[in-house]
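Colleague: I am new to this. Can we go through some of the labels, one by one?
Modeller: Gladly. Here is the model.

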Amino acid sequence: MSQEKITLSRSLNLFTITMIGVGGMIGAGIFVLTGIAAGVAGPALVLVFLLNGILTTLTAMAYAELGSAIPGAGGGYLWVKMGFGGVIGFLAGWMSWFAGIVAGSLYGLGFGRFTTEFWVQSGLPTFGLSVEELTLVFMILIIVIITLINILGASETGMMGNIVTMTKIVILGFFILFGVTMMLRTGDWQVRFTTDFMPNGFLKVFVAMGITFIAFEGYEIIAQSGEEALNPKHNIPRAIFIAIAIAVSLYILVSITAIGATTPPTGMMVHEYLGQMKEVAIVEVAEQIFPFGIGGLVLLVSGIVSTMSALNAITYSSSRVSFAMGRANHLPAFIGRVHPRRFTPYWAVITSGVLMLVVALSIPIEDVAAAAGIMYLLLFILVNAAVMKLRHTMPDVERGFRIPWVPAIPVIAIVLNGFLALYLFTYSPLAWYFALAWMVIASLAYYTYFSKVEAIEKPLEILMEEVLVSRDYSVVVPVANQEQARILGRISTYLAHDNQGEVLALHVVRVPPQLTLGEGRFMLKGGRPYLEAVIQQAKELDVPVHTVLRLGRNVAESVRKTVEENAADLVVLGWPGYTNTAGRIFGSVIDPIVDDPPADIAIVRYREFRPLRSILVPVAGGPNSRKATQMAVSMARQDTNGPVKVTLLHVVPAGAGTRAHVRAEQVFRDSLVGSDYEPIERRVIESVDVSETILEYAKSGNADMSYDLIVIGATNEPLFRNLLVGNLVRKVAEEAEVTVVVVKRRSSPLHSFLRQTVLEPSTNGAGGDTASESTPKTLSIRD
């Protein structure tokens, strides 16, 4: 398979990508949507644009951080795919591409309508065509022209965008200037903003926000330029915030001008008049405020320029999304190709342009356009979730901008975007039905075709895979040296045999950044003997072994991928009892896996492994103690040296009364659920120091002899707190003289989502109980 990397050329400076974003934000929306939104919200139209600006800024922070850290074609789709992958990543790209195509169709039709009006008013020949037919002719013409410009190159696209965007800003500047002059001549313009500010109620402000929000998605277009921007680490965040400041300022000033300078017909309020005029409301305002009666003509020219600018920006954006999807095998591969001389994604541009024409010519645009707005809001929700997830999975990536107060700001943005999307149902239920139908189609396309292509065409990270027999129960054991392979191989064999399962022996070769994954193949010489050591252990109990040699940049992520791809039930990880990685508890490989377990986890603090005669299981109740007991019983059943004694130990406070001992019996019953084995001994000890008691009992509690193995459950986590295993458990693992197995169950779906997004990763010093080990608070391991 070819390992050639397909990239675009970097040629866009800060000014150009800023203008691309401004062109996308100040498009046809400021002309078409202002009157409609004024009719819904009244004079509170000013508040609508201000609140949309604030909401936009919250999500734009996520785009600024990720755009500076991971610049690449695809923008939001790229980051959601990296954060969550699978169907969620596919949906993000599908929604972004579709919304861009629909927006492009709208801008094309808007250009056609404005140009036709200008053509007719200028007295130019119509060649016998009706207004509708002439509109379609101009629409087809402009989409073809913009498509060709985008094929020529990003610099040509940017130059064209700079010219039309600056022209548009100048025209709007004159609109505001003449409007403010008219307002100052009117003595009562302030009353329009102080009397009956929200004539239709506060909730209508949210409806108007939903209607106009699509106009603020220009920062998504800026993010699409990441692979072609110069110095993206600094220029992407700057361009996003400058573009938002320009766009929001202009929208607010235009709305103030429209409300304050317009003279409505007798008996009508200004907002009622603007709402009645709908998409031509701004043209009517211009007729009143521009001198020499040129307002209508100027606004027609401005409409032509605006729709052309917006179409250029959205063609650029949608083609970069489809290019990224084609490159990732989420669309046909030819869409991911780059022109050999122009270095542009020409097939992606052509495909997007053709689909814009198809949508404009065949689909009822109004309802589909509302669905596009919903899809942008859903995309922004996913991007805010992705920025939190990537803080966890890619903490070392340098970021030119970092969102302050994480996770508060992304969570607020998710809630507000979600509320706005849901509230749009009150305005257009059909838009929601269409959006849901489109997402269902996308899901079917992914699961029936693109997921299979993705699996076949993905980079060859797995260099060797041998499968003898496939079993329902699978134990993954990553190994990195001979001693670890021997001890972990024996423990994983015991556990797999008791569950009629298989052992998946994994060795991951970490490939440094200066090498490609393909070049990492030369580092594999030492991996095979480790897998052979696991195979030798498994032969003793005739357990099938599935072996995998894998390349990866991040060992923890490679282990997680292997677990998820094979739907493994248990991961057995080896820990030597120390780590050289600052800020980590068990190390850079174990911590990220245990932080959010993709399966049940067993951390083995390995020492010299002795024949099993006795196993000590300290218990405190809860699912992790239950898992620990089950694991101890599984290993006891498999040892061939005779019956193995299992002892459950529960520590209660010194001087504890009957109530504590009754609770201890309940802890034993809870821990033994699902464990049918004899002999099991139960011991309750009173003490002021739980960890020291466990360590001392492990040395001499077995008829004055030490236990051969300790199996202990991790501290149970509250829902909104992230722990690895707990300080008490970690102390036992570090200081015990025998091998210790620390058990932690897999994350629930809710806890996994919180760990991947909202909760901060566990770090050294933050991974366990907060109370002192000598206080009664720590007498129960579960506390």
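Colleague: What makes Asp 600 count as buried or exposed?
Modeller: Its relative accessibility is 13%. Buried means under 20% relative accessible area, exposed means over 50%, and partly exposed lies in between (1.4 Å probe, protein chains only). So Asp 600 counts as buried. One caution: this is a predicted model, where local features need pLDDT of at least 70, side-chain atom pairs count only at pLDDT 80 or more, and totals for chains, interfaces and linings use all residues. Residues are numbered from 1 along each chain as its sequence is written, and side-chain values use heavy atoms, with hydrogens and water left out.

Colleague: How do you know that the side chains of Asp 600 and Lys 627 meet in a salt bridge?
Modeller: A salt bridge needs a side-chain nitrogen of Lys or Arg within 4 Å of a carboxyl oxygen of Asp or Glu. Here N to O is 2.9 Å. Asp 600 sits in strand β6 (residues 600–605) and Lys 627 in helix α23 (residues 623–638), so the pair ties together parts 27 residues apart in sequence. Helices (H or I, at least four residues) and strands (E, at least two) are DSSP runs, numbered from the N terminus.

Colleague: Why is Lys 627 called partly exposed?
Modeller: Its relative accessibility is 28%. That falls between the two cut-offs, so Lys 627 counts as partly exposed.

Colleague: What separates Arg 528 and Glu 532 in helix α20?
Modeller: About one helical turn, because they are 4 residues apart in helix α20 (residues 527–539). Their side chains meet in a salt bridge at 2.9 Å, N to O. Arg 528 is partly exposed at 23%, and Glu 532 is partly exposed at 30%.

Colleague: How many salt bridges does this rule give?
Modeller: The count comes to 16.

Colleague: At what angle do the axes of α5 and α6 cross?
Modeller: Helix α5 (residues 86–121) and helix α6 (residues 131–152) cross at roughly 125°, and their axes come within 7 Å. Axes are lines fitted to C-alpha atoms, for helices over the stretch in contact, and angles run from 0 to 180 degrees between N-to-C directions.

Colleague: Why is α5 called oblique to α6?
Modeller: Under 35 degrees is roughly parallel, over 145 roughly antiparallel, 65 to 115 roughly perpendicular, and the rest oblique. The crossing is at roughly 125°. That angle is in none of the named ranges, so α5 is oblique to α6.
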